[in-house]
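User: I have a structure open and want to go through its pockets and rings. Can you take my questions as they come?

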Amino acid sequence: MKFILASASSRRLDLLNRIGFVPDTIVSPDIAEIPHKHELPRDFVRRMATSKAQAIEIQPNDVLLAADTIVALGRRILGKPQDRIEAEQNLRLLSGRRHRVITAVMVRNSHHAKIKIVESVIKVKRFSPEELKIFLNTNEWLGKAGGYGIQGHAERFIPWISGSYSGVMGLPLYETGILLESFGLKSRKLSAT
């Protein structure tokens, strides 16, 4: 049995390693991550995780994990900013408000698939102009849904979270562990040595 991670995210690999699941192979699915017109955030993240999982061919005994994480402000999906201007726009939208971070995790083999969607609610303090400028200068917004990563400098601007901290980082570890175990994978951290 080979365990395949369908993700280019080094953060997801780090998170998997924390709970003792080490992929045998890492592949990056090539799919367009563009919401359909009027697509709701949960539907979009489910479609993205499913598309990533189905984009990779696997052998009969292989187990594949794919995931997608988005930031949603109401029905609006805030993707990965293309540039600093878009990052600033996203952060101004989030400033002083609550928003949702939704992660879909799909695990499949050649016979069946299971998906779990984990939603967290996050409150962001109101950014001062100076705080916003300093944060943008860190470049931590690069490649991050909504323009921030909770595990970086942005953490000091988040007074409140309800949900999965690791899910906000890109992979809800509790739910992921249960999914992987249901497909017969064992955590190396829980195995007898």
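Analyst: Yes. A term to start with: a pocket is an open set of grid points where a 1.4 Å probe fits, with protein on both sides within 12 Å along at least five of seven lines. Keep in mind that this is a predicted model.

User: What volume does the second largest pocket have?

Analyst: The second largest pocket has a volume of about 180 Å³.

User: Which residues line the second largest pocket?

Analyst: Its lining includes Glu 33, Pro 35, Phe 44, Asp 68, Thr 69 and Lys 80. By class, there are six nonpolar, two polar and three charged residues.

User: Which element gives the most to that lining?

Analyst: Strand β3 does, with three residues. Both β3 and β4 (76-78) supply at least two residues each.

User: And the largest pocket, what is its volume?

Analyst: The largest pocket comes to about 500 Å³. It is lined by 26 residues, and the closest to its centre are Ser 9, Arg 12, Thr 69, Lys 80 and Gly 143. The elements that give two or more residues to this lining are α1 (10-18), β3 (63-73) and α5 (165-169).

User: Which one has the largest share there?

Analyst: The largest share comes from β3, with four residues. The lining as a whole divides into eleven nonpolar, eight polar and seven charged residues.

User: New topic, rings. How many aromatic pairs are there?

Analyst: Searching the whole structure gives two aromatic pairs. In one pair, the ring centres of Phe 135 and Phe 157 are 6.5 Å apart and the planes are at 85 degrees.

User: Why is that pair edge-to-face?

Analyst: Planes over 60 degrees apart count as edge-to-face. The planes of Phe 135 and Phe 157 are at 85 degrees, so the pair is edge-to-face.

User: Where in the chain are the two rings?

Analyst: Phe 135 is in helix α4, while Phe 157 is in the loop between α4 and β7 (160-162). They are 22 residues apart, and the pair links distant parts of the chain.

User: Is Phe 135 buried or exposed?

Analyst: Phe 135 is buried, because its relative accessible area is 3% and buried means under 20%. Phe 157 is buried too, at 5%.

User: Which residues do the ring pairs link into a cluster?

Analyst: Phe 127, Phe 135 and Phe 157.

User: What lies over the face of Trp 160?

Analyst: Arg 98 lies over that face, at 4.3 Å from the ring centre.

User: Last one: where is Lys 133?

Analyst: Lys 133 is in helix α4 (residues 129-137). Lys 133 is partly exposed, with a relative accessible area of 48%.

Notes:
Residues are numbered from 1 along each chain as its sequence is written. This is a predicted model: local features need pLDDT of at least 70, side-chain atom pairs count only at pLDDT 80 or more; totals for chains, interfaces and linings use all residues. Side-chain values use heavy atoms; hydrogens and water are left out. Buried means under 20% relative accessible area, exposed over 50%, partly exposed in between (1.4 Å probe, protein chains only). On a 1 Å grid over the protein atoms alone, a cavity is a set of points where a 1.4 Å probe fits but cannot get out, and a pocket is an open set with protein on both sides within 12 Å along at least five of seven lines; lining residues have an atom within 4 Å of a point. Grid points are joined across faces, edges and corners, and a volume is the space filled by probe spheres set on the points. Ala, Val, Leu, Ile, Met, Phe, Trp, Tyr, Cys and Pro count as nonpolar, Asp, Glu, Lys and Arg as charged, and the others, Gly among them, as polar. Rings of Phe, Tyr and Trp (its six-membered ring) pair if their centres lie within 6.5 Å; planes under 30 degrees apart count as stacked, over 60 as edge-to-face and the rest as tilted. A charge sits over a ring if NZ of Lys or CZ of Arg is within 6 Å of the ring centre and within 35 degrees of the ring normal.
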